[in-house]
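This report concerns the architecture and the charged side-chain pairs of one protein. The model is shown below.

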Amino acid sequence: MKPITLVLSVWLAGMCTHAAAAQPYTLDQLLSLALRGNKGVEAASAGVDVARAGLTTARAYPNPEVEFTTGRVSARQPGAATGVGQTLSITQRIDLPNQRRLRYEVATGTLRATTASHESFVVDLVAKVKRGFYETLRREAEFSAAQEDLALTQQLYNRAQIRVDVGDAPKYEAIRVGAELLNAQKNNQSALLRVNQAKSFLRQQVGEILPAGFALQGRLGRTWSLEPLAKLRETMLAGNAELTEYRAALQRARASVDYERSLRLPSVALKATSSRDPDVRDTQFGVVVSVPLWDRREGPVNEAAAGVIRARSQLEAREFELTQQLDSAYQQFQIAASQVEALESGIVRQAEAALNVAEAAYRYGERGIIDYLDAQRVLRTARNDLIAAQFDLQMAAVEIERLLANSFAGEPS
């Protein structure tokens with residue numbers, strides 16, 4: 001038992017020394033690194049650049065078409081001239097003003113939707129980094145509590161072993177505490193594994209720019225004061241980045257319908273032709289009109305109209321989903337806040353006092369080892385419940401902040 005505890009203590013001490021030597025990062029620093037180091041942000045920014053280039057494409061004028069033909073002119077009657085004949089024609093298609101405007105509106109809608117998608121990705125990334133940050137703080141707090149519990153159980157085991165050796169307690173007491181010590185060691189190792197998993201998730205969100213051996217600077221237990229739920233709903237529906245993306249997509253779909261309908265109108269092109277024969281040179285100017293007689297673009301118009309229905313349905317469905325998520329997060333916030341207050345103000349303190357009483361009673365022989373272990377187990381449970389409640393409170397606040405899209409209506413106190 002003792003060699004295992006000694007090896008584990010040395011290993012944990014090395015881990016703590018490595019963490020202490022690492023540069024601690026605050027939440028704001030991690031968010032700054034994520035916006036610079038996450039490849040998804042770079043890809044989303046490139047998508048915005050693509051949509052912005054689409055504006056240039058929409059503003060571009062159609063290129064002229066130049067046609068040149070040449071060939072030999074042969075005489076079919078006596079005395080007719082022979083030689084080389086050449087024809088040069090230039091055709092310039094003319095965009096109708098309404099079509100040009102609608103095409104630009106479609107490209108503008110694409111840019112708005114893509115920009116909103118980029119903002120939505122950033123909001124989700126910020127929420128993931130915050131989840132990883134507070135998850136790591138939670139696991140580190142659990143690991144610290146597990147270490148404290150392990151040290152306390154180790155002391156209790158040593159004391160029980162001495163009492164058994166001198167004959168003041170039965171051997172069962174040492175065996176019982178030894179089993180509890182093994183359980184504390186197992187919990188300690190599991191807590192350390194969860195710390196490493198949480199750090200791995202956080203580093204995935206931030207990117208390779210975050211070193212592997214990083215440490216965090218922060219704490220759980222911060223609370224917020226929220227505005228009424230109705231006010232939060234109004235703020236979310238007006239400023240949520242994801243809803244902004246859906247609204248931009250709906251506007252683009254409507255502009256696409258108008259654009260497809262405008263293509264039913266005849267298209268116009270100007271044409272100039274110059275022909276040269278051995279005897280004659282002919283120059284002509286004219287207009288080329290494409291008459292939409294057979295193709296009335298019913299398919300593209302219907303497709304665009306169906307796209308409007310789909311975009312509107314998606315917007316309405318997403319508004320409902322996000323409203324339900326906000327209601328759920330608001331309730332979770334209130335429940336977690338009540339749990340934190342109850343645990344901090346009463347349950348944990350009472351469990352600590354009960355453990356102190358049980359320890360003193362055991363030391364003076366008034367209570368057995370079972371009572372002491374039960375009191376220690378109650379404190380461990382209450383302490384872990386407090387850490388979990390503080391984490392749930394943080395997660396509810398992060399979710400509300402994500403839904404409000406950087407318009408979080410609360411202040412930490």
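The following paragraphs treat the overall fold, the strand pairing and selected salt bridges in turn.

The coordinates belong to a predicted model. The protein comprises nine helices and six strands. Of its 413 residues, 39% count as buried. The accessible surface of the protein amounts to about 23,300 Å², and carbon and sulfur atoms account for 54% of that area. Where contacts are made between residues at least 6 apart in sequence, 82% of them join residues at least 24 apart.

**Strand pairing**

Strand 3 (residues 83-94) runs antiparallel to strand 2 (residues 65-73), and nine bridges join the two. Within this pairing, Gln86 of strand 3 stands opposite Thr70. Strand 3 is also joined by nine bridges to strand 5 (residues 267-276), again in an antiparallel arrangement. Here Thr87 stands opposite Ser275 in strand 5. In a regular strand, side chains alternate between the two faces of the sheet.

**Salt bridges**

Side chains of opposite charge can pair when their charged atoms come close. The structure holds 23 salt bridges; three of them are set out in the table.

| Salt bridge | Closest N to O distance |
|---|---|
| Glu42 and Lys39 | 3.9 Å |
| Asp124 and Arg402 | 3.4 Å |
| Arg194 and Glu142 | 3.8 Å |

The pair formed by Glu42 and Lys39 lies within helix 3 (residues 39-59), where the partners are three residues apart, about one turn of the helix. Both Glu42 and Lys39 are exposed.

The salt bridge between Asp124 and Arg402 links distant parts of the chain: Asp124 belongs to helix 4 (residues 97-166) and Arg402 to helix 9 (residues 369-404), with their positions 278 residues apart in sequence. How is each partner classed by accessibility? Asp124 counts as partly exposed because its relative accessibility is 26%, whereas Arg402 is buried, since its relative accessible area is 14% and the cut-off for burial is under 20%.

Arg194 and Glu142 likewise form a salt bridge. This pair connects distant parts of the chain, with Arg194 in helix 5 (residues 171-206) and Glu142 in helix 4, 52 residues apart. Arg194 has a relative accessible area of 32% and is therefore partly exposed, while Glu142, at 11%, is buried.

Which residues share a network of salt bridges with Arg194 and Glu142? The other members of the network are Glu135, Arg138 and Arg139.

How values were computed:
Residues numbered from 1 in each chain as written. Predicted model: local features only at pLDDT ≥ 70, side-chain atom pairs only at ≥ 80, totals over all residues. Heavy atoms only, no water. Pairing = 2+ DSSP bridges. Helix = DSSP H or I, 4+ residues; strand = E, 2+ residues; numbered from the N terminus. Buried < 20%, exposed > 50% of the residue type's maximum accessible area, 1.4 Å probe, protein only. Contact = heavy atoms within 4.5 Å. Areas by Shrake-Rupley, 256 points an atom, 1.4 Å probe, with all protein chains shown as cover. Salt bridge = Lys/Arg side-chain N within 4 Å of Asp/Glu carboxyl O.
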